[in-house]
Amino acid sequence: SAIQIPSRLPLLLTHEGVLLPGSTMRTSVDSPRNMQLVRSRLLKGTSLRSTIIGVIPNTSDPTSDGDELPSLHRIGTAALAVQVVGSNWPKPHYTLLVTGLCRFQILQLLKEKPYPVAEVEQLDRLEQFTNQHKSEEELGELSEQFYKYAVQLVEMLDMSVPAVAKLRRLLDNLPREALPDILTSIIRTSNQEKLQILDAVRLEERFKMTIPLLVRQIEGLKLLQKTRKPKQDDDRRVVAIHPIRRINHIPSATEDEEEEEDHDDVVMLEKKIRTSSMSEQALKVCLKEIKRLKKMPQSMPEYALTRNYLELMVELPWNKSTKDRLEIRAARILLDNDHYAMEKLKKRVLEYLAVRQLKNNLKGPILCFVGPPGVGKTSVGRSIAKTLGREFHRIALGGVCDQSDIRGHRRTYVGSMPGRIINGLKTVGVNNPVFLLDEVDKLGKSLQGDPAAALLEVLDPEQNHNFTDHYLNVAFDLSQVLFIATANTTATIPPALLDRMEVIQVPGYTQEEKIEIAHRHLIPKQLEQHGLTPQQIQIPQVTTLDIITRYTREAGVRSLDRKLGAICRAVAVKVAEGQHKETKPDRAEAAEGEDCKEHITEDAKTESISDTADLALPPEMPILIDFHALKDILGPPMYEMEVSERLSQPGVAIGLAWTPLGGEIMFVEASRMDGEGQLTLTGQLGDVMKESAHLAISWLRSNAKRYQLTNASGSFDLLDNTDIHLHFPAGAVTKDGPSAGVTIVTCLASLFSGRLVCSDVAMTGEITLRGLVLPVGGIKDKVLAAHRAGLKRIIIPQRNEKDLEEIAVNIRQDLTFVMASCLDEVLNAAFDGGFSVKPRVERLNSKL
Ligand code: ADP
């Protein structure tokens, strides 16, 4: 570490700082003297020696730098000029990079112009100097103490920064005498302090002077760490190791705090990405993105975008799944407990689960429950998740008309986000949930693409193991997800989508089933929701039946549920009022004793007997909901039976229709008037239904003679001078389908024959020109609707006989079924005493 400097040195006078041996400084040179030195000595010099100059800290005011050489500081630092950079802007100047070598003392000024040159004496880094001090006891102690402080200081800095680590190494490797100078130039010190250190030629003195500076810096750092969060600005004032940054270009502990924290976040994110179990492809993409993120300034909008993306990627359950606990017997019990009736659906679900248990491969079909609203499709889906012990997530598809809803937006969009599938996975946090795709029949279509097409990829077991969301842009394996779909009708599900699914029809409930569902499930649930107990309210079965028949007309149980809710609310008011009343006598009781309460309770009893509609029964007796109470709470009944009344004139028949809301009975009315043989159809009919009407007329015209049907003037040509008007009431509802054929024929036959159709007969079936009756769909719903409406005889196509098996025995027992294969049979069954001229009674009564 010994250095030998020349005895004559050109002198550079600096204003900006104090160069200490062992440190490096960049200084700007613009005074004429210094410029001259740089030009004629540094730029023209050829030997290494010529690059050594003496740097003298100039304490005088730089503006008063005239021709006169100011009085020079006695001690300076010999320095090696490492780099010279020249520039003409804004005025000619040089920037010098100098490294301090050792101290010197000016002995004699040799010349002043054009730049000062002096005869100097080297003060340290001399060979004998180094060895001489080693032996001194006190200095050893001092240097030891100094070393400890220095180590403490460095260890308070972030060792992960390379420059800090290097500094730590330097502390051990450098000779101890060099440390005070180096550390003084690194820590925050004023120029005045540095000057004092420069002047401290004796090593012992130098150590003594630097230790307090070190201690001050350590204390400052401690303070910084303590107060870091609340006061950033102050921190910067308290301590800043700016020199380190300026010289070595490293971020230090005093970096802007936010930046640092953010940096920490990014590092954490990277760690998370590396430890997450994402697919190899995803990992590659993420690492690339994080590399970009590190280089990006935070203010860029893309920063937040990329970060959100990476956070989503980390959060996704790439490899996290719940363990299936599947036991068919338990599943059966659970399904039975949660849902009454729906035997066919439960059977199919159990089959599905059994296959899953035997073969743990999910490439099974996707179940799609199709049925009217409120029949429990969604809640069965939830039960399936429960039996499997899986997470459940419902994705409502009704009204979705943009394919990015399913597949996400590309990340180039502002506000882009992943689709619902990926979002759902993020929400549940596992990769094998049960996803319920609710209302697949109500998917829309728009300019933004067809969401149904996007669903195809999701639902195809062959493809969905690498489903690519546009936002993620990498494949995600959906093969572990169990998809269940629900719909009200299959008619509006795109065929390709329907093809991927196994449709399970969930028909509506019968009245008896509804009563059971109400008492087993709905009423207990409503009571709990309203804070009532069975001791406070009683709903007998007749009341439930009343609600079902007179206040609701639906296939499911949703509005039944709502009505029960309304009853519970009304009762809750009464109970709350009763409690209020009760508390009053309680207080009175304290004053007046026992008999007072009895008296009041008796009073209340007599009151309730006198007025049943008033539900103010004493709270210790349950409030009984009877017909009067029902009327009071729900208002007058909404639906009444009007069947027999409607059939009091010829030209009316009852058909059975199927709607997405379940089966319905439908009246068909016909009238004739003078005219030119025109057929008018009203009631919003679709094309198929209109064709059925034409078919019916044609068949009747061709068979008019056989049945002795005549027009008003007695001719067998039914349309001669006659107009016919057919109307299907509930005119606001669009109707279509072939199944009204037999009803129209019956209705017209009644019109032309002047005979009444039996009031208790309903019918359904498609017709042909030859008079055959063809099978139709939705028999169970239609039969239930007829049963609900109080009809007794139902005419259905012969080939639909098999569908009757689905109907509960008690309902079948209430009804008489007529299987008809041709229109003769239909007409014979529809009119009392048959319809044929030559009566060939071929009525097929149900053998059930
Ligand atoms: P959907 O999805 O078919 O429109 P939901 O599944 O939402 O109908 O069912 C509506 C309500 O009816 C739910 O509270 C459900 O518990 C109840 N429910 C329907 N069917 C049954 C049933 N068979 N047993 C018990 N509760 C039922």
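Start by selecting the ligand, which sits in the second largest pocket. Here a pocket is an open set of points on a 1 Å grid over the protein atoms alone, with protein on both sides within 12 Å along at least five of seven lines; "sits in" says that more than half of the ligand's atoms lie within 2 Å of the pocket's grid points. A quick note before you go on: this is a predicted model, where local features need pLDDT of at least 70 and side-chain atom pairs count only at pLDDT 80 or more, while totals for chains, interfaces and linings use all residues. Residues are numbered from 1 along each chain as its sequence is written, and side-chain values use heavy atoms, with hydrogens and water left out.

Next, show what surrounds the ligand: 17 residues (each with a heavy atom within 4 Å of it), and the closest are Tyr 340, Gly 374, Lys 377, Thr 378 and Arg 558.

Now zoom in on some polar contacts, meaning pairs of N or O atoms within 3.5 Å:

- Pick Arg 558: one of its polar side-chain atoms is 2.7 Å from a ligand oxygen.
- Pick Tyr 509: an N or O atom of its side chain lies 2.9 Å from a ligand nitrogen.
- Pick Gly 376: here a polar backbone atom is 3.2 Å from a ligand oxygen.

Taken alone, the ligand exposes 560 Å², and the protein buries 87% of that (Shrake-Rupley areas with a 1.4 Å probe).

Then colour by domain, with bounds from an automatic or database assignment. Domain 4 (328-505) and domain 5 (509-575 + 620-640) each give the shell at least three residues.

Last stop: select Lys 113 and Pro 114, joined by a cis peptide bond with omega near -10 degrees.

Conventions
A polar contact is a pair of N or O atoms within 3.5 Å; within protein, one must be able to donate a hydrogen and the other to accept it, and residues adjacent in sequence count only if both atoms are side-chain atoms. On a 1 Å grid over the protein atoms alone, a cavity is a set of points where a 1.4 Å probe fits but cannot get out, and a pocket is an open set with protein on both sides within 12 Å along at least five of seven lines; lining residues have an atom within 4 Å of a point.
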